[in-house]
Amino acid sequence: FTLFRCFTGDCSAHDGRPLSYVLLDRYGNITIAVYWGTMMLVSFGLFNVMIACFLQNAQRATRFNDVERRRVLRKERQMVHDKTQQLIHTIVKFVQRRRKDPSPLTLTNLKITRELWQHLLSERKVRQWLDDMGCDDGLRMKLF
């Protein structure tokens with residue numbers, strides 16, 4: 001129990017005298033060197049174990065956060081890809097309904113004018129896509 005008390009900070013005898021002085025008087029200078037070496041070993045050893053545990057937990061948390069961040073990013077990219085395909089399909093269908101030319105419409109000959117964009121904004125699917133992408137009402141007209 002006395003060693004435990006010494007290692008945790010209260011290294012004194014029952015009468016209140018420091019044990020290092022009691023040991024010095026009784027056994028000589030070698031006890032101070034052993035006492036000092038033991039205290040340094042325990043202090044630095046305990047500190048080293050505490051820091052190692054902290055760093056290990058921090059690395060584990062970082063690794064988990066990195067994996068989670070990659071998973072969320074992958075999921076978000078897939079969502080943007082799917083939503084963009086849906087938007088393009090909606091735009092092509094919208095333009096084909098309004099065109100007088102019966103030839104098939106391709107993305108290379110599709111031109112979106114300001115007027116067409118305003119009409120597209122009236123489509124529920126287009127507004128939903130813009131909402132999903134985080135585009136508020138004030139920014140929608142500025143996109144064109």
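How much of the chain, out of its 144 residues, counts as buried? The share is 18% of the 144 residues. Please keep in mind as you read that this is a predicted model.

**Overall build**

Let's start with the whole chain. Its secondary structure consists of six helices and zero strands, so the pattern along the sequence reads α-α-α-α-α-α. The radius of gyration is 37 Å, well over the 15 Å that the globule rule gives for 144 residues, so the chain is more spread out than a compact globule. Along the principal axes, the C-alpha atoms fill a box of roughly 110 × 25 × 20 Å.

Contacts add to this picture: among those between residues at least 6 apart in sequence, 38% join residues at least 24 apart. The accessible surface of the chain comes to about 11,700 Å², and carbon and sulfur atoms account for 60% of that surface. As for charge, the chain has 24 positive and 14 negative charges, and the mean positions of these two sets lie 7 Å apart.

**The nonpolar core**

In soluble globular proteins, nonpolar side chains tend to be buried together. Here, the largest nonpolar core has 15 residues. The residues with the most contacts inside this core are Ile-91, Val-95, Leu-110, Leu-120, Val-126 and Leu-130. Three helices each supply at least two residues of the core: H3 (29–98), H4 (114–120) and H5 (124–132). Helix H3 gives the largest share, with five residues.

Leu-130 is a good one to click on in your viewer. Leaving aside neighbours within four places in sequence, Leu-130 is in contact with Trp-117, Leu-121, Cys-135, Arg-140 and Leu-143.

**Three residues to look at**

The table sets out where three residues sit and how accessible they are.

| Residue | Location | Relative accessibility |
|---|---|---|
| Ser-20 | helix H2 (residues 19–27) | 17%, buried |
| Lys-93 | helix H3 | 39%, partly exposed |
| Thr-106 | loop between H3 and H4 | 37%, partly exposed |

Why does Ser-20 count as buried? Its relative accessibility is 17%, and buried means under 20%, so Ser-20 falls within that class. Setting aside neighbours within four places in sequence, Ser-20 is in contact with Ile-32 and Tyr-35.

Lys-93, in helix H3, can be paired with Arg-140, one of the contacts of Leu-130. Lys-93 and Arg-140 are 47 residues apart in sequence, and their C-alpha atoms are 20 Å apart in space.

Thr-106, in the loop between H3 and H4, makes another pair to try with a distance tool. How far apart in space are Thr-106 and Gln-56, C-alpha to C-alpha? The distance is 56 Å, for a separation of 50 residues in sequence.

Conventions. Residues are numbered from 1 along each chain as its sequence is written. This is a predicted model: local features need pLDDT of at least 70, side-chain atom pairs count only at pLDDT 80 or more; totals for chains, interfaces and linings use all residues. Side-chain values use heavy atoms; hydrogens and water are left out. Helices (H or I, at least four residues) and strands (E, at least two) are DSSP runs, numbered from the N terminus. Buried means under 20% relative accessible area, exposed over 50%, partly exposed in between (1.4 Å probe, protein chains only). Contact means heavy atoms within 4.5 Å. The radius of gyration is taken over C-alpha atoms; the globule rule is 2.2 Å times the number of residues to the power 0.38. Accessible areas come from the Shrake-Rupley method with a 1.4 Å probe; for residues, only the protein chains shown count as cover. Lys and Arg count as positive and Asp and Glu as negative; His and the chain ends are not counted. The place of a charge is taken as NZ of Lys, CZ of Arg, CG of Asp or CD of Glu. A nonpolar core is a set of buried Ala, Val, Leu, Ile, Met, Phe, Trp, Tyr and Cys residues joined through side-chain atoms within 4.5 Å.
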